[in-house]
Amino acid sequence: METDDLSAHIHSLDPAVGLRAVGALHRLAEQVEAAQVRAAREQGWTWEQIGDALGVSRQSVHAKYRE
C-alpha cells in the first residue's frame with residue numbers, strides 16, 4: 001500500500017482495509033525512524049539523546065539500531 005492510498009484507507013469502515021492501512025503505517029514509521037536514527041548518529045547524537053527524542057531508553061534504541 002502506498003502512502004497516497006493510506007489517507008483513503010485509514011477511515012474505511014471495512015476492518016480488513018483499515019487494518020492493512022495500520023500495518024502500512026507501522027512499516028512507514030519504522031522506515032522513518034531508522035532513517036532519522038541514522039541521520040542523528042551521523043550528526044554525532046548520542047544514544048541517550050536519540051532515546052530521549054523517541055521517548056525510550058538509550059539501551060533500547062541502541063539495541064535496536066546498534067552499528
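Start by selecting E30 and K64: their side chains meet in a salt bridge, with N and O 3.0 Å apart. E30 sits in helix α2 (residues 15-42) and K64 in helix α4 (residues 58-65), so this pair ties together parts that are 34 residues apart in sequence. Keep in mind as you click around that this is a predicted model.

**Stop 1: around K64**

Leave K64 selected and add E33. Here is another salt bridge, and the closest N and O atoms of K64 and E33 are 2.9 Å apart. K64 belongs to helix α4 and E33 to helix α2, so this pair ties together parts that are 31 residues apart in sequence.

Now show all three side chains together. E30, E33 and K64 are linked in a network of salt bridges. The count for the model comes to 2 salt bridges. What lets such groups pair up? Side chains of opposite charge can pair when their charged atoms come close.

Try switching on the surface here. Are these residues buried, exposed or partly exposed? E30 has 42% relative accessibility and counts as partly exposed. K64, at 44%, is partly exposed too. E33 has a relative accessible area of 21%, and since buried means under 20%, E33 still counts as partly exposed.

**Stop 2: the nonpolar core**

Hide those side chains and select V37, A40, W47, I50, V61 and Y65. Together these 6 residues make up the largest nonpolar core. Which helices supply them? At least two residues of this core come from each of α2, α3 (47-54) and α4.

Colour the three helices separately and you can see what each one brings to the core.

Next, zoom in on I50. Setting aside neighbours within four places in sequence, I50 is in contact with V37, A40, R41, W45 and V61. Of those partners, V37, A40 and V61 are also listed in the core.

**Stop 3: past the end of α4**

Follow the chain onwards to E67, which lies in the segment after α4. With 76% relative accessibility, E67 counts as exposed.

What does E67 touch, not counting residues up to four places away in sequence? Select R41 and W47, and you have its contacts. W47 is a familiar face from the core, and R41 was on the contact list of I50.

For a last view, zoom out and pick E67 and D14 together. They are 53 residues apart in sequence, and their C-alpha atoms are 41 Å apart in space.

Technical notes. Residues are numbered from 1 along each chain as its sequence is written. This is a predicted model: local features need pLDDT of at least 70, side-chain atom pairs count only at pLDDT 80 or more; totals for chains, interfaces and linings use all residues. Side-chain values use heavy atoms; hydrogens and water are left out. A salt bridge is a side-chain nitrogen of Lys or Arg within 4 Å of a carboxyl oxygen of Asp or Glu. Helices (H or I, at least four residues) and strands (E, at least two) are DSSP runs, numbered from the N terminus. Buried means under 20% relative accessible area, exposed over 50%, partly exposed in between (1.4 Å probe, protein chains only). A nonpolar core is a set of buried Ala, Val, Leu, Ile, Met, Phe, Trp, Tyr and Cys residues joined through side-chain atoms within 4.5 Å. Contact means heavy atoms within 4.5 Å.
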